[in-house]
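Subject: Structure handover

Hello,

Here is the structure I said I would pass on. Please open it beside this email and follow the residues as they come up.

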Amino acid sequence: MASRQITQEQQPWLLENGDPKRLTKEARHGHGRSRTAHGMSATSLRKKSDHALVSRVRCASLRNVLVNIQEVILGTKLSILFPAIPAAIIAHYLGLGESWVFILSLLGLTPLAERVSFLTEQIAVYTGPTVGGLLNATCGNITEVIIAIFALQSNQIAVVKYSLLGSILSNLLLVLGTSLLCGGIANIGDEQKYDRRQADMNSLMLLLALLCHLLPLLFTYTAASPELTAEPSLYLSRAASIVMLGAYFVYLIFQLWTHRQLFEAEEVCEGEGEGENNSAEEEAVIGFWSAFAWLAGMTVFIALLSEYVVDTIQDASDSWGLSVSFLSIILLPIVGNAAEHAGAIIFAFKNKLDITLGVALGSATQIAMFAVPLCVLVAWIMGVKMDLNFNLLETGSLALAIIVTGFTLQDGTSHYMKGLVLLLCYLVIGACFFVQRTPLNPNDVPNNITLKSFTDSVLSA
């Protein structure tokens, strides 16, 4: 009996007897009540579970399973979308229509992405904030990365580029714009301020990513023919991707160790009952190994639905009369990151812009500096020639989005007009890709339709 008690004290995650564990970060690691912006944003869509009924089950193993299901499946306001997962699988095997498989897969990815964030937080309670931060950095945009990998396997490089670009644009313009607009209207009588230091750091990282995208694009126009720069541009992209990943690794050290205070969102109890909710959010409600197993299972379903999305996006484009670029840049990021986006907007309503900026800018930086170069290197390993040249229109949209966002956040204050401008920028870019008709296969585009050939014809006229 004594040895069993010692074992439980040394390994508290083994204490799974059907009752949710109440192990806090403070108790395990002695850290303060500071949390990352992503963590606080994700909690806005979670529901507090009532275990009164489950606690009556006498069988400890069954009680443990029911508690896990209640916390993981029913512990989110997006649980209503979970039936879309089996519906997508059934629609796929019964051949009910590729467009139905596409939209059901997108809906199923929404709660899965939110639950991945929840499970990484649960693991972080046991492992500490540093490992938790690394998990968030790795799994924060796991949906986009898995979709990209399946698209690379199908040699759909355009879908990879479009979806990653769309995630950056949606975070910088749609999420941030909607948050500043709604927050400004809701707090129209209050002055909205935020810490510029985090925004400045993210802006610098995004400008570095933009440079790595611009150089391969400009490199293609330095020779008499684009074919002469294809291979050098590919090598340049791979070298730039290695630099970007190295910079992101240093950024993680900066964020998680040396300057952690810049990226922590202090929990301030405001209003009745909020202090109790914040305390509850710090607690582990499932065991370590349970969280790890759930995370692995969620990843499997994300991979399955991502494969469905990649396989059916062209058919959905043909059925709905929408271009693949519009579906990839606009629709995929909005639906896939709906939970995270909603959390950012909710905190903007509460006049907590530091959390909103941490989510929007943090996600954009993670995709630009981690997901994009990772896909280039993975494609290299797979023998797929993917570079950082996202074409003129796409790279120009990215550059303008980063520049406009940087100007918007330069003074440390916010109002609804700034959010409106960002939203209007997103609408114009969305309209551009809505009317664009670009084939997925670059070989379908005539070789003489290039910026250089057009320029040469104008100069010779």
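M386 touches L152, I157, V160, K161, L234, C375, V376 and A379, if residues up to four places away in sequence are not counted. M386 also belongs to the largest nonpolar core, a set of 112 residues. Within that core, M386 is listed with L119, V160, L172 and L176 as the residues with the most contacts. V160 therefore turns up twice, as a partner of M386 and as one of the core residues with the most contacts, and because a nonpolar core is made of buried residues, V160 and M386 are both buried.

Please keep in mind that this is a predicted model.

For the chain as a whole, there are 19 helices and six strands. The chain has 461 residues, of which 52% count as buried. Take the contacts between residues at least 6 apart in sequence: 83% of them join residues at least 24 apart.

Next, two helix pairs. Two packed helices are described by the angle between their axes and the distance between the axes.

The first pair to look at contains two of the partners of M386, L152 and V160. Helix α8 covers residues 142-153 and helix α9 covers residues 157-186. Their axes are 9 Å apart, and the helices pack at an angle of about 165°. An angle over 145 degrees counts as roughly antiparallel, so α8 is roughly antiparallel to α9. The crossing of α8 and α9 is left-handed. From α8, the contact is made by E144, A148, A151 and L152; from α9, by V159, V160, L164 and S167. Sorted by class, these residues are six nonpolar, one polar and one charged.

The second pair is α5 (residues 84-94) and α6 (residues 98-127). How do their axes cross, and within what distance do they come? The axes cross at roughly 150° and come within 8 Å. That angle makes α5 roughly antiparallel to α6. This crossing is left-handed. On the α5 side the contact involves A84, I85, A87, A88, A91 and H92, and on the α6 side V101, L104, S105, L107, G108 and L112. The residues of this contact divide into nine nonpolar, three polar and no charged.

Two asparagines are worth checking for their backbone angles. N351 is not a glycine, yet its phi is positive, near 65°. N351 sits in the loop between α15 (338-349) and α16 (353-382). Its relative accessibility is 26%, so N351 counts as partly exposed. N391 has a positive phi too, of about 75°, and is likewise not a glycine. The loop that holds N391 runs between α16 and α17 (392-408). N391 counts as partly exposed because its relative accessibility is 42%.

The last residue is T413, in strand β6 (residues 413-414). Is T413 buried, exposed or partly exposed? T413 has a relative accessible area of 21%, which means that T413 is partly exposed. Which residues does T413 contact, leaving aside neighbours within four places in sequence? They are E191, Q192, K193, Y194, T408 and K418. For K193, the separation along the chain is 220 residues, while the C-alpha atoms of T413 and K193 are separated by 4.5 Å.

Regards

Definitions and conventions:
Residues are numbered from 1 along each chain as its sequence is written. This is a predicted model: local features need pLDDT of at least 70, side-chain atom pairs count only at pLDDT 80 or more; totals for chains, interfaces and linings use all residues. Side-chain values use heavy atoms; hydrogens and water are left out. Axes are lines fitted to C-alpha atoms, for helices over the stretch in contact, and angles run from 0 to 180 degrees between N-to-C directions. Helices (H or I, at least four residues) and strands (E, at least two) are DSSP runs, numbered from the N terminus. Angles under 35 degrees count as roughly parallel, over 145 as roughly antiparallel, 65 to 115 as roughly perpendicular and the rest as oblique. A crossing is left-handed if the near helix is turned anticlockwise from the far one by less than a right angle, and right-handed if clockwise. Contact means heavy atoms within 4.5 Å. Ala, Val, Leu, Ile, Met, Phe, Trp, Tyr, Cys and Pro count as nonpolar, Asp, Glu, Lys and Arg as charged, and the others, Gly among them, as polar. A nonpolar core is a set of buried Ala, Val, Leu, Ile, Met, Phe, Trp, Tyr and Cys residues joined through side-chain atoms within 4.5 Å. Buried means under 20% relative accessible area, exposed over 50%, partly exposed in between (1.4 Å probe, protein chains only).
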